[in-house]
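Hi everyone, thanks for making time. I'd like to walk you through one protein chain, going from the whole fold down to a single residue. Have a look at it first.

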Amino acid sequence: MTLQDLLNKYGIAEPVCGSAIGLGWFPLVEDLIVKLIRLGWDKQLSQVKEKFGGLRFYIDNGDDAIFDAIGCTEAESFTVCEDCGTRRDVTCASQKGWIRTLCTECRV
Ligand SMILES: [Zn+2]
């Protein structure tokens, strides 16, 4: 499964700027998408990526409730391993100059 498969499921077009995150965060993104659609999001996605160990979900239009939901999910991403999705022993730390949020097992 790719991120685009997940986006297709909800009728969201591939962002022009591209999208790249680890499989472990797909459930977070899917929960967020469901929440945003319920809040009236127009499904215009600019970019999804990892930055400084955290999820970034960029959209163009939305009200406070929509941006609050995105902020909460972005904060939550620091507690979820980007590679495997576990919430056990997860840390956000630099690895070869790249800050990533990973569990102990994935950080080797
Ligand atoms: Zn992991």
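**The overall fold**

So, the protein chain has 3 helices and 5 strands. Keep in mind that this is a predicted model. If you start at the N terminus and read along, the elements go α-β-α-β-β-α-β-β.

Now, what about the overall dimensions? Along its principal axes, the C-alpha trace spans about 40 × 25 × 20 Å. The radius of gyration is 14 Å, and a compact globule with 108 residues would be near 13 Å, so the chain agrees with that expectation.

How much of the chain is buried? Buried residues account for 41% of the 108. On the outside, the chain exposes about 6,100 Å², and 53% of that comes from carbon and sulfur atoms.

Let's turn to contacts. Take the ones between residues at least 6 apart in sequence: 46% of these join residues at least 24 apart.

And the charges? We have 12 positive and 16 negative ones, and the mean positions of the two groups are 4 Å apart.

**Zooming in on C17**

Okay, one residue to finish. Where is C17? You'll find C17 in the loop between α1, residues 3–9, and β1, residues 19–20. Is C17 buried or exposed? The cut-off for exposed is over 50% relative accessible area, and C17 has 54%, so C17 counts as exposed.

C17 has partners too. Setting aside neighbours within four places in sequence, C17 is in contact with S46 and Q47. S46 sits 29 residues from C17 along the chain, yet their C-alpha atoms are separated by 6.4 Å.

Conventions. Residues are numbered from 1 along each chain as its sequence is written. This is a predicted model: local features need pLDDT of at least 70, side-chain atom pairs count only at pLDDT 80 or more; totals for chains, interfaces and linings use all residues. Side-chain values use heavy atoms; hydrogens and water are left out. Helices (H or I, at least four residues) and strands (E, at least two) are DSSP runs, numbered from the N terminus. The radius of gyration is taken over C-alpha atoms; the globule rule is 2.2 Å times the number of residues to the power 0.38. Buried means under 20% relative accessible area, exposed over 50%, partly exposed in between (1.4 Å probe, protein chains only). Contact means heavy atoms within 4.5 Å. Accessible areas come from the Shrake-Rupley method with a 1.4 Å probe; for residues, only the protein chains shown count as cover. Lys and Arg count as positive and Asp and Glu as negative; His and the chain ends are not counted. The place of a charge is taken as NZ of Lys, CZ of Arg, CG of Asp or CD of Glu.
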